[in-house]
Amino acid sequence: MAEENIDEIIQEILSEEKKVDEGKEEDLLPSEELYECPVCHHQVSEEAQFCPYCFAVFDENVDYKMLIETLIKKLKFLVPIANQLNVPKENVNLHIKEAKKYAAKEDYPSGYAHLHDAYFYLIKSVVERFSQELEKYEIMMGMNNEIRELYGKASGYLDEWDLENFITVFGQLKEKASELSKDLREYLEKLEEVENALAIARKFGIDTNKASNVVDTAKDIADDKKYSDAIKVLDEALTPIKDEIENAMGSFLTLVKEEVMRATYSGKGSAKKIIRLVREMKIYWDEGNLVKVLEKMDEISKEMSK
Ligand SMILES: [Zn+2]
């Protein structure tokens, strides 16, 4: 909770800076009463001449020329984003053209009205599109704290129509999410590999109980979404039955040797293939990759029963 409050406070400070940038700091002191903007429903100062979010005008004495300049700046930032998101442009270009015409005639209120329409339409569309994008990541919130935190921040920035900060945080969120889904994929692949290896081990009469216990531990860790830790545990799943595998491999290789000699003697081509597989198995054994050792034993045994 405390952290959330800090985020809120930072957010408030940042939005104050934005207002300072817009040159209206005297209208928006934090001590003032707030009320809801009737156009965009953000909380704004009671004494504000215009809404700092949607730029709706509350006081006709506002400096329209300044508002036009501000809106142009905002649109310059917004239009490329809208393009990227394939937001339909509707009448945006027309409004900008009209605004220029009125501004040239020094009819700033009419110029402002067109720019405001263009801006309000675009910002609403972009925020809506980003909300949909963000929602896709809601499902990943349970995966880890960092994701949850970034999601909360991103959605806060979006509520404030603070696109600059939203884009930064959303980028971090997407990166984190793809890292996590990579870990999840890797974990599932590894789990399948290890479980397959254990099935092979059982075919060779190896007692796999100790290894299965390790796999269960890895599954528990994965249930807590700690996939990279679970992968590390799986990497060592076969270590407790290394001696058993070695024994089984020893007696199996005796059989293999007999078969190879017999095959060579009768001129069968399979001897060559078996020898190649044994060589590969040896490399994995030297590396300590017990999963691959078992896979190779399985391959050799299949080759021999052909
Ligand atoms: Zn507003």
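Arg-276, Glu-280, Lys-296 and Glu-299 are joined in a network of salt bridges, where a salt bridge is a side-chain nitrogen of Lys or Arg within 4 Å of a carboxyl oxygen of Asp or Glu. The model is a predicted one, in which local features need pLDDT of at least 70 and side-chain atom pairs count only at pLDDT 80 or more, while totals for chains, interfaces and linings use all residues. Residues are numbered from 1 along each chain as its sequence is written, and side-chain values use heavy atoms, with hydrogens and water left out.

Within the network, the side chains of Arg-276 and Glu-280 meet in a salt bridge at 2.9 Å, N to O. These two residues both belong to helix α10, which covers residues 270-287, and they stand 4 residues apart, about one turn of the helix. Helices in this report are DSSP runs of H or I with at least four residues, strands are runs of E with at least two, and both are numbered from the N terminus. Arg-276 is partly exposed, with a relative accessible area of 39%, and Glu-280 also counts as partly exposed, at 23%. For these words, buried means under 20% relative accessible area, exposed means over 50%, and partly exposed lies in between, with a 1.4 Å probe and protein chains only; the areas themselves come from the Shrake-Rupley method.

By the salt-bridge rule the count comes to 17. As general background, side chains of opposite charge can pair when their charged atoms come close. The table sets out three of the pairs.

| Pair | N to O distance | Place |
|---|---|---|
| Arg-276 and Glu-280 | 2.9 Å | both in helix α10 |
| Glu-259 and Arg-262 | 3.0 Å | both in helix α9 |
| Lys-210 and Glu-244 | 3.5 Å | helix α7 and helix α9 |

The side chains of Lys-210 and Glu-244 meet in a salt bridge, and because Lys-210 lies in helix α7 and Glu-244 in helix α9 (residues 242-265), this pair ties together parts that are 34 residues apart in sequence. Lys-210 is partly exposed, at 47% relative accessible area, and Glu-244 is partly exposed as well, at 26%. The pair of Glu-259 and Arg-262 is set within helix α9, its members 3 residues apart, about one turn of the helix. Here Glu-259 is buried, with a relative accessible area of 12%, whereas Arg-262 is exposed, with 51%.

Helix α7, which spans residues 209-223, also holds Asp-220. Together with Asp-216, Asp-223 and Asp-224, Asp-220 gathers in a patch of negative charge on the surface. Such patches are made of residues with over 30% relative accessible area and no salt bridge, like charges being joined within 9 Å and nonpolar side chains (Val, Leu, Ile, Met, Phe, Trp, Tyr) within 5 Å. Lys and Arg count as positive and Asp and Glu as negative, while His and the chain ends are not counted; the place of an Asp charge is taken as CG. Asp-220 is partly exposed, with a relative accessible area of 49%.

Turning to the whole chain, the secondary structure comes to 11 helices and 2 strands, and from the N terminus on the elements run α-β-β-α-α-α-α-α-α-α-α-α-α. Of the 306 residues in the chain, 40% are buried.

What do the residues of the largest nonpolar core number, and which of them touch the most other members? The core has 53 residues, and Leu-67 and Val-126 touch the most other members. A nonpolar core is a set of buried Ala, Val, Leu, Ile, Met, Phe, Trp, Tyr and Cys residues joined through side-chain atoms within 4.5 Å. The elements that give two or more residues to this core are α2 (64-84), α3 (92-104), α4 (108-135), α5 (145-159) and α6 (163-203), and α4 gives the most, with 12 residues.

Helix α3 also contains Lys-97, which is exposed, with a relative accessible area of 59%. The C-alpha atoms of Lys-97 and Gly-111 are separated by 9.3 Å, although the two residues are 14 residues apart along the chain.

Two loop residues complete the account. Most residues other than glycine have a negative phi. His-41, however, has a positive phi near 70°, and this residue is placed in the loop between β1 (34-36) and β2 (43-45). Asn-86, in the loop between α2 and α3, has a positive phi of about 55° although it is not a glycine, and Asn-86 is exposed, with a relative accessible area of 62%.

Technical notes:
Accessible areas come from the Shrake-Rupley method with a 1.4 Å probe; for residues, only the protein chains shown count as cover.
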